[in-house]
Amino acid sequence: MTHDPGYNFAYLDESTKRMIRRAILKAVAIPGHQVPFGSREMPLPYGWGTGGIQVTASVLGPRDVLKVIDQGSDDTTNAVSIRAFFRRTAGVATTERTAEATIIQTRHRIPERRLTEGQILVYQVPIPEPLARLEPRIAETRRLHAMADYGLMHVKLYEDIAKHGHIATSYSYPVMVNERYLMSPSPIPAFDNPKMHMMPALQLFGAGREKRIYAVPPYTAVRSLDFEDHPFRPIRAPHRCELCGSGDTYLDEVLVDDKGGRIFVCSDTDHCQERQAMREAAE
Amino acid sequence: MSAGTALAGFADPVLDSQAAFRAVLEAMSRPGRIQRLPVPPELPPGIGPAAAAVLLALADADTPIRLAAGAEAQAWIRFHTGARAAPAAEAAFVLDSDAGLLDLDPGTEEEPERGATLILEVESLSEGSGWRLSGPGIQATHRLAVAGVRDGFLADWAASRARFPRGVDVILCAGDRIAALPRGIAIEEG
Amino acid sequence: MYVATKGGERAIGAAHAWLEEVRRGDPAQPEITAAQVEQQLGLAVDRVMAEGSCHDRGLAALAVKQSRGDLIEAAFLLRAYRTTLPRFGASLPLDTNAMVLSRRISATYKDLPGGQVLGPTFDYTHRLLDFRLAAAGALPGGAPQGEPDLAPTPRVTELLAQDGLMQREAAEEAEPGDLTRQPLSFPADRPLRLQALARGDEGFLLSLGYSTQRGYGGNHPFVGEIRMGEIAVEFVPEELCFAVDLGDITVTECQMVNQFKGSRTEPPQFTRGYGLVFGHGERKAMSMALVDRALRSPELGEGSEAPAQQQEFVLSHCDNVEATGFVEHLKLPHYVDFQSELENVRTMRAAVMKERGE
C-alpha cells in the first residue's frame, strides 16, 4: 500500500513531526510529566483524538501495523475514521487484531490481551491534568507538579471515603508514575488501571487541544492512588459476557428492550471474538 | 556555500528521519538496550554516523546546538537542519565529549523537559556486562558495557540524577549504534 | 442471539453523501459560487479569515460555502488548511497610519485632522427588512463618487500622546512569540494575548467586553478611533535586506482610550486597549480592544477579580475551534466511562438503600 501523494507521509509536515518527536522523547525521559508541545490544527476536530493522531503520525513508519479502537471496539465510527485517515495519508497496514498491531491508538480502553515489548499504545487524552477538576489554573497545577504537592488529590479522595465509604472515582482514576508524578490515565475505566503497571509496551499520551504529551516507559511502576484501609478496587459489571462467557473482562451494558431487559458484552471486541473462536474450536 | 553543505543528508529524509527517531525512542524507552540507526550515506569529518543521524532526525531551527566536531560538521548540520550554534549551557543538543553533565541546561522544576540531550560518542557499546542500570524502562536490571567515557562520568551522573526531574538525557553513540540513558536511570559500576 | 452493530464505515460514507446533498439544496436552484460568497457575504468571509487566522478571501469564501454557512466550521476548515502551509517568516509590523481609509471615526473629538469618514456602515440604517432584496434584479443607484482625501490622518492616540496624555507602548525589537508554534503558558505577554484575541471567537469577546461595561472589571472606555481600510503587507526575505511588498489587505483597527488614575511611578494618563482584525470586523475589533485593556488591569494595579481580567480564563476559552471541538466531542461514544459510573452509582445506591432498610 502507498500513501496519498497529495500529503506528506502521515499528513504532518516534517518540522511538526520533529517538534512532536522531541516532546515524546522528553516525555519518556520524565515519566508522567506533561510536556507542552505546539499542537497543530488537524483535519479532525479537537476532541476527536487530535493529540493521539499527532503522536501516532509522528511515530508511525511504513512497516508499522496500526490498530485503532474507541471504547474497546475497532468498529466504532471514530475508530473507523481515524484508521481510514492513516491508511490514506500513510498507506500503513491496519489490523483489528491486538496481537498483530505494532501501534495501537486508543480512546478510553486498554486492550484485555497483555501487550508486548514490540508494541506502542497511544492514548487519546481530553484533559491531561489530573488535578484539573480540583484546580483549573494551569499556572498553579504546574507549580504543584514541580513540588510533587498532591495534597489536593488526597483530600478529594479522602472526602469521597468520608461521604460514600469508598473512593467514588470510576474512570480517569489518578495514578502515581514511578512514585513521582501524579498522572491522568485518560478516561479509561479504573478497571484498566492495573494493566498500566509494569506494562512491557511503551505508553504514549497525546492531548491535542490542551497541547500536552506525556508517557509511561515500559516496565514502569504505575500505582492507582489509594489508602491502606481503603485499597484501590477496579469496578466492572458483575456479569459474564453474553457472547464469549468471559467473567474477567470489562463489559458494556446493552439495553435490549424498554422493559429493563439488558445483557452484557465485552467492550474489547477483538478479545471477545478470539475467545468465541476458541470456544467454537473446543466444541 | 561552506564546505559541509556539499554532502547530502539522509538518503530519504522523511523515512530515514522516522526510522532514526524510532530507534532513539526505543533506546530512550528501554535504557541500555542497543539500537541501530539508518545513517547518512556520507559524513563530514569529526562526526560519527549515529550521532549525525540523531541530529539530522531531531534538530532544527528551534534547537540550539553545541557541536565540538569542527567547522565542516557544524556547517553540514546547520545546512541540513537549520540549527544554530550555541554555548553548551544553552544548547538543546550537545555533541561534545568535553562537556560536563553538570554544565548543561537541566531545565527547571516546572519545565524539566527543557533539560538538554547530550550525545556522547564512545569507543564501543555492548550488552550483558558492565554497568548495572535500573529504573523506568528496565524490568529489573540491565547490563551495558561502555568503553570510552571520560573519567568521572558516573560521579557526574549520580549528581545529575539527584536533581530529577531536572537533568540531562544522554545518547551514547558508537558507529551506527546507540544506547540511551534517560536522566532518571540509576547506574552502578559493574 | 445478540449481534453487535457493525458497519461504521458504511454509515460514515452514507452520512457524507447525505451531507453533500443537503449542502447543495434544491438542484432546481442555481448553485452559489465561492466568488458570489466572497462578494456578497463579505462580512462572513472576513469573520472566517479572522477566526481562521488566515488571510485569503477566496479560500474563506470556499470554506463558507463548504460549511453551509456554519462560520465556526468554516474557520476550522481554514485553520486546518493553514496549518499545512510552510512558514517563511514574519512580516514587518503593519503601519496603520498609512492605511487607505474606507472608514474612520472617533468618538472622542468632534473634528480632527483627516476628518470623520462614515464609510460602508450599518450604523444609521433602519433595521427594516428590505423586501427589494428578496426580488431578483439590481437595486437602483450606486454610491455617490468623490475625490479621495489623501491628507494624512494621524491616529487619535498619537495626538493624545503628543501631549503626554496617552501612555506610550514600549517598542520591542524582538520578534514576538507565535502561539501557533509554542503553546501558551501563563502569564502570557501582551503580544501573545493579542494574537489569541485576534483569532478568538467574536461572540465570546463581545460578551466579555460587554461584561466590562456592566461593571465586571470596568475601565471607562472611549472609542479613540476605529479605522478600516487597505494596508500594505511587507516582508524582508532573509537573503535580501530590503522589504518586498506582498500586497494589500483590509483590516479594522480599534483603539480604545481608557482612564488610568496613575501610580507611584506614573502620573495619571490615558491608556489604550487595542484591537486589530482581518477584513471589516468592527464589532470584533472593539470587543478585542475592551478585553485587551481588561487583561492589562493586573499590571496597572487595577485588580484581577472580573472574568475579563483573568488571562488564563479568557485566553484558554476564546478559541472557538478548540471550544467547539471539546463541547461537541461529548456526542462521541462514552459508554465505557458511563458503564463505570453506572456500576459506581448502583453500588452507592445499594449501600444507601440498605442503610435505610435497616
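This dialogue discusses two helices, two domains and a chain contact in a predicted model.

Modeller: In this predicted model, local features need pLDDT of at least 70 and side-chain atom pairs pLDDT 80 or more, while totals for chains, interfaces and linings use all residues. Residues are numbered from 1 along each chain, chains are lettered from A in the order written, and side-chain values use heavy atoms, without hydrogens and water.

Biologist: Why is H8(C) called oblique to H9(C)?

Modeller: The axes of H8 (residues 202–213) and H9 (residues 282–295) of chain C cross at roughly 55° and come within 8 Å. Angles under 35 degrees count as roughly parallel, over 145 as roughly antiparallel, 65 to 115 as roughly perpendicular and the rest as oblique. The crossing angle therefore makes H8(C) oblique to H9(C).

Biologist: What makes residues of H8(C) and H9(C) count as meeting?

Modeller: Contact means heavy atoms within 4.5 Å. Among the residues that meet are C:Leu205 and C:Gly209 in H8(C), and C:Ser287 and C:Leu290 in H9(C).

Biologist: How many residues of domain 1 of chain C are in contact with domain 2 of chain C?

Modeller: Twelve residues of domain 1 touch 15 residues of domain 2. The bounds, 9–82 for domain 1 and 96–122 + 151–168 + 178–318 for domain 2, come from an automatic or database domain assignment.

Biologist: What is the area buried between chain A and chain C?

Modeller: Buried area is the accessible area (1.4 Å probe) that two parts lose on being put together, summed over both. For chain A and chain C this area is about 4,200 Å², with 59% from carbon and sulfur atoms.

Conventions. Axes fitted to C-alpha atoms, helices over the stretch in contact; angles between N-to-C directions. Helix = DSSP H or I, 4+ residues; strand = E, 2+ residues; numbered from the N terminus.
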